[in-house]
Every structure is written in structure tokens, then in C-alpha cells.
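Let's take a friendly walk through a protein model. Please have a look at the sequence and the 3D view before reading on.

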Amino acid sequence: MTTYLLPPEHNRKVSDLTDPPNDEVEAESDSNPPCVLVFNASDPSGAGGLGGDALAMASVGAHMLPVVTGAYARDTAEIFDHFAFDEEAVAEQARTILEDVEVQLIKVGFVGSPENLSTVAETATDYPDVPVVAYMPNLSWWEDNQIEAYLDAFRELVLPQTTVLVGNHSTLWRWLLPDWSGERPPGARDIAKAAGEFGVPYTLVTGLMLPDQFIDNVLASPQSVLASEKYERLDAIFAGAGDTLSGALAALLASGTDLVAATSEALSYMDRCLDAGFRPGMGHVLPDRLFWAQPEDDEDDDEPASPTDFALPPHDTRH
């Protein structure tokens, strides 16, 4: 089954954006990358947030329109706090750019407050033909009362507008099926059915544990499992995997790639980002979202240039 989330005129792959247009107006439109409006926080560690979205989306050929919803206080090991923007500031950012640029998709990351979730929902309501990819991160670093208020608002306001919900198995389980009493953990379809009760047609559940050090990732609707991709578990603790996956998925869907193919490609991209991950600080490993830009080991046998060859000259500023 091929499932498209965009109208027929957007059913094209990234490579099709440069096809010869029929007229001058179409030429300009088709030569532009698809635009994705992103509601997310600033992350100074670079693990996730808007920085992670920007790199992931650019890597698969989309242009991000960032709406800053707040800022984390965090390092590569943990999140210490979050400072949410006022909802009017968030709404004004979105309104201004939407009046200028046509967007193919809206992506929702962590927006920091129920008020900002209301702004996101209102924006999505105003653009009913634009698909929404919503990512629910692990919020265990937050105060319990804040988590509860945020999840309640997300459930009531954002899920009815969401086309694809993305989240880790344990996060979505505890949120959408808190009273689960089955002998086995809920499967991806169980979670998709719970999300479907609030209007979500598709759910991508990640991190389902399998035997022999494998992890499964399953795209499901309330009626059936649509796709499943398993990967070998990497021996590291990562930060930013969810933003990487949801950002890539949003960009691929915005380009017109069908849902199942976009899911498979986004999961493959995330896996390669993690496989090439790096540790810039003393905390977790971060995904290398630009792994594809690194030269192959055997591409160039020449001795690399010395760092001093690229040293910047000293400035002449005096105080």
C-alpha cells in the first residue's frame, strides 16, 4: 500500500524538485526545497531541538522554518531546565512566516507549555490541508505536575491535529496506555489504537526491544501494522535520536515521499547518524547528522592539511 500525506501536486521525491517545469511560476516553485514549519526549543548542546531538526531536514533536502518555543538549559548528559517563550511570541513567529511562505508540513517538537501547545493546535487548525508530524520526547527530567499538564494538553489539543505521531515505545506506552494490564507490554498497534482514539491516523513507535540485541521500530495505524524495521542495538547512550528521526521523517513527507518509504528512509538515516555518533562533551553520544558529508577513508591518501594552514589571523580590536 502506498500512503501519501500531501495533495497530488506534492507527490514528488526530492530528486523531482529539479525537473523541467511547465512555466515560469512552476519553475520557481519546483526548484525550491519543500518547506517545513517547525515548533521546537533551542538546545545549546546540539543534541536535539531546532538545531537537530535543521541538520536532519537539510540532509534530506528540505528547508526548515524554525519557530522558537523556548530554550533548554542542558549539557550533553542531562536536561536541567527549560524556559518557555510566551505563547504570543510563538504565535507571532508562526503567523508572520506563514503569511509569506507556503509550507508543505508542520513538525511539532517540545514546545514547553500547555499555552504553546494551544498555539500549535490553532495554527494547525488554520491549515487543515497541511500534515502534522508530532514527536513526543521523554519528559522524565521535568516536574511531575508540569509533565501531567503538558501531556493532557498535548492529548486534547495537538493529537486531533496530528497526522503521524512519533515516540519511543516506553514513552508512548506510559502516556497513552497508563492503565495497561496485559500480561505482555503493549505492541505498536495497541499504542496506535490508543492514539487513534484522539484522531491520530498513524503512529511510529520506536525502541521496541527484541531478542539478540535488536530494536524494532514499527509504523502502525489503529487497523494494522504498515511497516517494521529492526536494527542492531548500539553500545552507547544517545541524546537526540528522536529529534533526528522525526525531523528526517517530516522532511521526507514534505517532499512528497509516501509514508512507508519515508519511514524506512528516515529510520535508515537515523541509524547511520547514530552509527557515526560522536561525544563532544562528557555526557552522551550525539548523532552525526552530517555523516554523509564526511570523506570516505580510502578516498584520499594525501596527508591531511595541518590545522595551522587554516588558522584565522589575529584581530586588531583594542579596548
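The report below goes from the sheet to the helices and then to the largest pocket.

## The sheet

Please keep in mind that this is a predicted model. A good place to begin is the open sheet, which is built from nine strands. Going across the sheet, you meet them in the order E3-E2-E1-E4-E5-E6-E7-E8-E9, and their pairing is mixed. Strands E3 (79-84) and E9 (225-232) stand at the edges with a single partner strand each, so one side of each has no neighbour in the sheet. On average, neighbouring strands are turned by 20° against each other, if direction is ignored.

As background, strands in a sheet pair through backbone hydrogen bonds, and the pairing can be parallel or antiparallel.

## A hairpin at the edge

Now zoom in on E2 and E3, which form a hairpin with four residues between them. Strand E2 covers residues 63-74, runs antiparallel to E3 and is joined to E3 by five bridges. You can trace some of the pairing yourself: Tyr72 has His82 in E3 as its bridge partner, while Ala71 stands opposite Phe83 in E3.

## Helices to look for

Which strands does helix H7 touch? Helix H7 (residues 188-196) packs on the sheet and touches E6 (164-168), E7 (202-210) and E8 (214-220). The direction of H7 makes about 150° with that of E7.

Another pair to find is H8 (residues 241-254) and H9 (residues 259-275), whose axes come within 8 Å and cross at roughly 145°. Their crossing is right-handed. Among the residues making the contact are Leu245, Ala248 and Leu252 of H8, together with Ala262, Ala266 and Met270 of H9. Sorted by class, this contact has 14 nonpolar, two polar and one charged residues.

## The largest pocket

What is the volume of the largest pocket? The answer is about 1200 Å³. The pocket is lined by 46 residues, and the closest to its centre are Asn168, Phe238, Gly240, Ala241 and Gly242. By class, the lining has 23 nonpolar, 16 polar and seven charged residues.

Key
Residues numbered from 1 in each chain as written. Predicted model: local features only at pLDDT ≥ 70, side-chain atom pairs only at ≥ 80, totals over all residues. Heavy atoms only, no water. Pairing = 2+ DSSP bridges. Helix = DSSP H or I, 4+ residues; strand = E, 2+ residues; numbered from the N terminus. Axes fitted to C-alpha atoms, helices over the stretch in contact; angles between N-to-C directions. Contact = heavy atoms within 4.5 Å. Left-handed = near helix turned anticlockwise from the far one by under 90°. Nonpolar A, V, L, I, M, F, W, Y, C, P; charged D, E, K, R; others polar. 1 Å grid on protein atoms, 1.4 Å probe; cavity = no way out; pocket = protein on both sides within 12 Å on 5 of 7 lines; lining within 4 Å. Points joined across faces, edges and corners; volume = space filled by probe spheres on them.
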